[in-house]
Every structure is written in structure tokens, then in C-alpha cells.
Amino acid sequence: MEKLNRREFAKKAFGAGGLLTLVTALNFPEAASAFSGPEVLIPSNKFLNRPDLGDALKSMYMTYDSTTPYPHKFNETITKHQLRALEFFVTKGLDKEYAEHYVTTMKPVLLKIKEALAKEKDPDKALVALIDNDPCYFQLFERIKVKTGERTFPCPYKGKLQDCKYWLGTFKAIEWKDVCNRWCIPTWTGFAETVGIKIKVQPSDDCTVKLA
Amino acid sequence: MDIKNRQDSLLITEPPVEQPACISRRDFTKKAAGISAISLFALMSLPQAAFSWMNGKFEEREDLNDGLKAIIKTYSTTEPYPLKFNEGLVRQHLRSLDFAMRKGVAKEHAEHFVYVLGPVLERHIKPAVAKLGKGIFLWGIFERTGCSYQLYEHINIKEGERTFACPYKRPLEYHNKEIGTYNIKWKDVCANWCSLTWNGFAKVAGVEIKIEPGETCKVSVV
């Protein structure tokens, strides 16, 4: 790949490409509003209106600046905590009920999703609601690849379980397959049944959840 | 009244009447940088130095886009309340605690957390306390670890004391009001999760702490 030095980058950015884009954009009243200053853009943008972004960025910086003994990611703690909780409830013989408890405590939300699905008649919307738009998942999965009726994402648990076993040595009760079989599959299947869809889960390094 | 919180006889103190003094950005940076620098140099002199302390590799990361996308998605969600970076983690803690309490295993659940993190405490925090004094304990369990900086929005640092906004209150109150499927109340989180785990960490490190739960929670070494 061609490398650009700072001067060349600036030339290209502010040269023909940038100017042409600006002139073109200004010819469209709606698009041009973005150039009219932050007072036009910001009121309609929820992200830009958040006064607490600094805290989020600090947390992100601290996370991604920690690269030993392994690179930390935004889902470091949520993944670790889920594994820890599962490990504990497996040792107590309560893992099945633990997964059922998740589905049960989400039931009112899931029934609202079911209601909305009945109106829209688009089963893919179930995956949008259950995976794409749920903070418990978009804060857990690094990338969610979206295809109609199918979602694929890298398993956050596999590497983290290895890290925990190696660096802490106190995770002894569960293996990776237990996470799939005792946590992910029962909870997702439970959610799907409650919202009135059927899914097929294909656990792997890249896990796939498909409408069945 | 004995305001010390011990793992075996837990007492929760009243929330502080006065808000803790605000710290300016400059003072915060000064204190954080000062404490961190001292701690870092001291820890580096320990045989088994702290591993995951920030090591200046942020700009070399090729997966920043994933982290940033998660933040944008999170902070673009403002209904039913503005989500924060710790939302998923907070919900997970609350859900696990609710289940543990229903099953009567909340104390063991918290002790298990202390147990799994025990090696880190034994390896890093305990020797640091022995070498640098008990104040370093708070640095070790709060601003030093991802379990805290991915959970608390900002941690106000004072010598021997940390304060931070409770991350559990709003999501739990929302859940209890609008969804209504948890048995736990806010005070249960303070008593059966935060206090038990922090006191457990303190016990391993050989330190005593005082916890003052509130919307702004305060933890200080005794």
C-alpha cells in the first residue's frame, strides 16, 4: 500500500477532492446543513449531544492501552464476568436455572418484541432486537456481521476463557463447549421461543445464529 | 457505631450527607499522574510487576474501530435512558446477583469473585501494600483494573479514598419499575455484592476499608 506523508495527505485532503466535495455538497440544501456549523447538526445527533463522552473515551483509552499480557478490548470485563458467573453456577449445579433465569427476567421485554414482530411480520427484526440493538450483545460482540436472517460474530468467550485459565488459574469448572451449551445456546433459544421464532446456533470461533 | 466493614460482620454506613469535594480536572490529572507514576515505579521494582497497566500501545492497536463503534452505538442510545459504556456489564452483575440471592448463595457468589481474582491480589496487590502502604490497595482495585475502569464512569482519587458514582442505581431502578422481574433492591447490591467483594479483596491484601454506599459511593482505607 502506498504510504502518504503528512504534507501529501494534507494536499490531497484539502485539494481537488475536498473542495469538489464541499462545493457539491453546498449545492444540496439538506447536505449543506452539515457545514452550517454544529448548531445545525448537533440537535439531531444523539451521540454528539452526549455530555458524558469524555468518560467513555477515557475508559476506552485505558482499555486499549493495556496490551500485556494480552490486548484488552472493550468487552474484557463483561466477558470475564459472564465466564466467572457461569463457572460459579456450574460448580453449584445451578447453571440450567441460571440460564432460565435470564430468559424469565427478560420475558416482559421479549413479549413486547413478540408483539412488534406480529405487526411487522419480518422475522429478521427479531435478530435486530435480540442481538444488534441489545447493549448486552453489542457491548459483548466485537463485530456483528448482519445478513438477512443470520448473524455472525467472533466468540468473545473462547480466548478470554483461555486467558483466565492461564493467567488466573482459578477457572477450573468450565470449558469453552460449556459456555456454548450451558449459556449461549439455552439463553438464545429461550429468547427465540419467547418471541415466537426458531433459531439454529452454530457455535464456533465465529458463531452463527440463523433463523430456522 | 462501628463503621468498619468486615467481610464476616458487615455494616453499611449511612450515605454521606455532604457530597464529596469536587476535584478540578487539573488537580485530578496531577493526583492521578502523581500517584500512578509513584505506584508504577514502585511496582516495577517488585519482582512480578503489574502486567496489564497501560503501556502506551494505544496508537498501535488495529482494533480501535471496534471499540469506537461500540461506544458510538452505546452513546447514540438515549431511550429509555442514556446508555453508558458500562451498561452490559452492570446488567450482567445485577442479573447474576438477583439469581444468586434467589438461590441463597449471594455470599458464596461474592466470595467466588474474590477467589478467582485471588492470584492477582496475591501476586501484585499484596506485595505492593507491603512495600508501599495500604493506600496502594485502592489504586490496585479501582483505577488499576479493567474490572473497575470498565464499570465506574470516573473515579475521584484522594489519598486513601476513592469516590465514584454508583453504576447500579439507575439501571436497577429502571428495571424494577418498568420490567419488574428482579427481586433485588439497590441496597442488596451494596450489601451483597460491592461490600462483600471489596472487603474480600481487602482481606486478601491485609487491609481494612470503610465503605460508605450512596449515589456517590466512597471507599477509604482505615
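Two strands pair if DSSP finds at least two bridges between them. Keep that rule at hand for the exercises below. The model is predicted.

**Exercise 1. Strand pairing in chain A**

Find how strand 2 and strand 4 of chain A pair, and over how many bridges.

*Solution.*
Step 1. Locate the strands. Strand 2 of chain A covers residues 150-154, and strand 4 of chain A covers residues 206-211.
Step 2. Count the bridges. There are five between strand 2 and strand 4 of chain A, and the sense is antiparallel.
Step 3. Apply the rule. At least two bridges are needed for a pair, so the five bridges here qualify.
Step 4. Check one bridge. Glu150(A) has Lys210(A) in strand 4 of chain A as its partner.

**Exercise 2. A hairpin in chain A**

Describe how strand 3 and strand 4 of chain A are joined.

*Solution.*
Step 1. Strand 3 of chain A spans residues 199-202.
Step 2. Four bridges link strand 3 to strand 4 of chain A, in the antiparallel sense.
Step 3. Follow the partners. Ile199(A) stands opposite Leu211(A). Gln202(A) is bridged to Thr208(A).
Step 4. Look at the connection. Three residues lie between the two strands, and the strands form a hairpin.

**Exercise 3. The sheet of chain B**

Give the strand order of the four-stranded sheet in chain B, name its edges, and find the helix that packs on it.

*Solution.*
Step 1. The order is 1-2-4-3; the sheet is open and its pairing is antiparallel.
Step 2. Strand 1 (155-158) and strand 3 (209-212) of chain B are the edges, since each pairs on one side only.
Step 3. From one strand to the next, the twist averages 15°.
Step 4. Take one pair. Strand 3 of chain B runs antiparallel to strand 4 (residues 216-221) of chain B, with four bridges between them. In this pair, Ile211(B) has Val219(B) as its bridge partner.
Step 5. Add the helix. Helix 8 (residues 186-205) of chain B packs on the sheet and touches strand 3 and strand 4 of chain B. The direction of helix 8 makes about 165° with that of strand 3 of chain B.

**Exercise 4. A helix and the residue after it**

Test the length of helix 9 of chain A, then examine Lys121(A).

*Solution.*
Step 1. Helix 9 of chain A has 14 residues.
Step 2. The expected span is 1.5 Å times one less than the number of residues. That gives 20 Å for helix 9 of chain A.
Step 3. Compare with the model. The end C-alpha atoms of helix 9 are 20 Å apart, which agrees.
Step 4. Move to Lys121(A), just after helix 9 of chain A. Lys121(A) sits in the loop between helix 9 and helix 10 (124-132) of chain A.
Step 5. Read the backbone angle. Phi of Lys121(A) is near 55°, a positive value in a residue other than glycine.
Step 6. Is Lys121(A) buried or exposed? A residue is exposed if 12 or fewer other C-beta atoms lie within 10 Å of its own. Lys121(A) has 7 such neighbours, so it counts as exposed.

**Exercise 5. Cis peptide bonds**

Locate one cis peptide bond in chain A and one in chain B.

*Solution.*
Step 1. In chain A, a cis bond joins Thr68(A) and Pro69(A), with omega about 0°. Pro69(A) is in the loop between helix 6 and helix 7 of chain A.
Step 2. In chain B, a cis bond joins Glu79(B) and Pro80(B), with omega about 5°. Pro80(B) is in the loop between helix 2 (64-75) and helix 3 (87-102) of chain B.

**Exercise 6. Where the chains meet**

Describe the contact between chains A and B, then the surroundings of Val116(B).

*Solution.*
Step 1. Chain A gives 51 residues to the contact, and chain B gives 56.
Step 2. Helix 6 of chain A supplies the largest share of the chain A side, nine residues.
Step 3. Sort the chain A side by class: 24 nonpolar, 15 polar and twelve charged residues.
Step 4. Turn to Val116(B), in helix 4 (residues 106-132) of chain B. A residue with 20 or more other C-beta atoms within 10 Å is buried. Val116(B) has 20, so it is buried.
Step 5. List its partners. Leaving aside neighbours within four places in sequence, Val116(B) is in contact with Arg84(A), Leu168(A), Thr170(A) and Phe171(A).

How values were computed: Residues numbered from 1 in each chain as written. Chains lettered and ligands numbered in written order. Predicted model: local features only at pLDDT ≥ 70, side-chain atom pairs only at ≥ 80, totals over all residues. Contact = placed C-beta atoms within 7 Å. Nonpolar A, V, L, I, M, F, W, Y, C, P; charged D, E, K, R; others polar. Axes fitted to C-alpha atoms, helices over the stretch in contact; angles between N-to-C directions.
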